[in-house]
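I opened this entry to record what I looked up in the structure, going through the strand's surroundings before turning to a single residue.

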Amino acid sequence: MALSRSFYTQRSPAVLAHDLLGKYLVFGDKTGRIVEAEAYLGPEDQASHARFGVTKRNELMFGPGGFAYVYLIYGMHDMFNVTAGSKRTPGAVLVRAVELVEGFRGADPKAGAGPGKLCRAFGIGRVQHNGCDLTTDRGIHLADGRLRRSEKVATSPRIGVDYAGEWAARPLRFSIAGNPAVSR
DNA sequence: GTTCCGATGCTT
DNA sequence: AGCATCGGAACG
């Protein structure tokens, strides 16, 4: 059962990134469990694509939550983001790592440990999936899930945004502490 | 174990 | 020019 529109629209990017830990990423016969996510905020966030205002690439970040924002980086890796909030609180959450739960027989157990790797593993790409609605059971969606009693959330600075000045240090990366599928 | 580098194409 | 990355090579 896909998470509802309001699940995404009622949360700021930072809260959504935190709350996505333990949720399931589902696409076709493939299922992963989210263990790492990063929040990217609005124009004030100097690490966010939104820092340039609305552009052709990032316009989904300024719309309602619950849509896929998928883009290509370094000419070869797709990044899967979930839009958060509403027009008042633009932003998105980068899904950085999942545990492989189902549909990955024979795959490297670390094939979901990284934002580029998980897109490759799930067959998620910008050309096919940018802008797709995540609230339908058909196609890519997220399903409810919980952290275990023993699992704790770790926060840290976001990866790969050293250019962003003081924003680079903000604790907007969330992960399940000690989980082996976390990207680093 | 660490650090460095090239791949490869879209964005500002 | 630089990038919300990755895998392999080089080094010690």
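The entries below cover the surface near the DNA strand and then one asparagine.

Entry 1. I note at the outset that this is a predicted model. I looked up what surrounds DNA strand C and found 20 residues, the closest being Y71, Y74, H77, N81 and Y163. Of the atoms of DNA strand C that come within 4 Å of the protein, sugar and phosphate account for 55%.

Entry 2. I then went through the polar contacts to the strand, beginning with Y71, where a polar side-chain atom lies 2.9 Å from a base nitrogen of DNA strand C. For Y163, I found an N or O atom of the side chain 2.5 Å from a phosphate oxygen of DNA strand C, whereas at K117 a polar backbone atom is 3.4 Å from a phosphate oxygen of that strand. The elements giving two or more residues to the surface near DNA strand C are strand 3 (68-73), strand 4 (77-83), strand 5 (92-102) and helix 3 (115-122).

Entry 3. I sorted the surface near DNA strand C by class, and I recorded 12 nonpolar, 6 polar and 2 charged residues there.

Entry 4. I turned next to N179, which sits in the segment after strand 8 (173-176). Is N179 buried or exposed? I list N179 as buried because its relative accessible area is 10%, and the cut-off for buried is under 20%. Leaving out residues up to four places away in sequence, I found that N179 touches R33, V35, E99 and E151.

Methods
Residues are numbered from 1 along each chain as its sequence is written. Chains are lettered from A and ligands numbered from 1 in the order in which they are written. This is a predicted model: local features need pLDDT of at least 70, side-chain atom pairs count only at pLDDT 80 or more; totals for chains, interfaces and linings use all residues. Side-chain values use heavy atoms; hydrogens and water are left out. A residue is near a molecule or strand if one of its heavy atoms lies within 4 Å of it. A polar contact is a pair of N or O atoms within 3.5 Å; within protein, one must be able to donate a hydrogen and the other to accept it, and residues adjacent in sequence count only if both atoms are side-chain atoms. Helices (H or I, at least four residues) and strands (E, at least two) are DSSP runs, numbered from the N terminus. Ala, Val, Leu, Ile, Met, Phe, Trp, Tyr, Cys and Pro count as nonpolar, Asp, Glu, Lys and Arg as charged, and the others, Gly among them, as polar. Buried means under 20% relative accessible area, exposed over 50%, partly exposed in between (1.4 Å probe, protein chains only). Contact means heavy atoms within 4.5 Å.
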